[in-house]
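Visitor: I have a model open and would like to learn how to read it. Could you walk me through it?

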Amino acid sequence: MSVPTRSFAAPEDKQTEDVAKPDEGQTPSNAPWMKPLSRLASILGSMHFLRKLCGAEDANVWRDDMSKLIAAQAPNEADKRQLIASFNSGYRAFESTYRKCTAAARTAVNRYQTEGAVLAREIGSRYGT
């Protein structure tokens, strides 16, 4: 039986479900690339929230990038759930703190863009084929 996972949609998209735990016997892999990929997923979630908060027209690009990341990686179900949970965690981290776009939110966007770009390059060069 398949257990639903939380969609990585914004709460206002009305497409979210509760985060499900992996089925018995399914645990995330210990692959070395999962840690940086999880961090990248968290950054994408944070960027999705912050850019929407600050009224960016391209705010959904971060959610779309998350979909592309999962499609490209084709992870097992447990790893997929871990990546989605990381995205959602990044989203919620700022959702619980920010109610309006501030200078600090814009600074966070700039820092996360830089960190995400570095991570993406490192993941690609270290683990890409």
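Visitor: Which element has the lowest mean pLDDT, and which the highest?

Guide: pLDDT is the predictor's confidence in each residue, from 0 to 100. Among the elements here (DSSP runs numbered from the N terminus: helices, H or I, of at least four residues, and strands, E, of at least two), helix H2 (residues 61-73) has the lowest mean, 90, and H1 the highest, 94. This is a predicted model, so local features need pLDDT of at least 70 and side-chain atom pairs 80 or more, while totals for chains, interfaces and linings use all residues. Residues are numbered from 1 along each chain as its sequence is written, and side-chain values use heavy atoms, without hydrogens and water.

Visitor: Where does pLDDT stay under 50?

Guide: Where pLDDT is low, the predicted coordinates should not be read in detail. Here pLDDT stays under 50 over residues 9-25, and also over residues 1-7. The chain averages 81, and 78% of the residues score at least 70.

Visitor: At what angle do H1 and H3 pack?

Guide: Axes are lines fitted to C-alpha atoms, for helices over the stretch in contact (heavy atoms within 4.5 Å), and angles run from 0 to 180 degrees between N-to-C directions. H1 (residues 34-53) and H3 (residues 77-95) pack at about 40°, with axes 7 Å apart. They are therefore oblique: under 35 degrees is roughly parallel, over 145 roughly antiparallel, 65 to 115 roughly perpendicular and the rest oblique.

Visitor: How many aromatic pairs are there?

Guide: Rings of Phe, Tyr and Trp (its six-membered ring) pair if their centres lie within 6.5 Å; planes under 30 degrees apart are stacked, over 60 edge-to-face, the rest tilted. The whole structure has four pairs. Phe94 and Tyr112 have ring centres 5.7 Å apart and planes at 90°, so they are edge-to-face.
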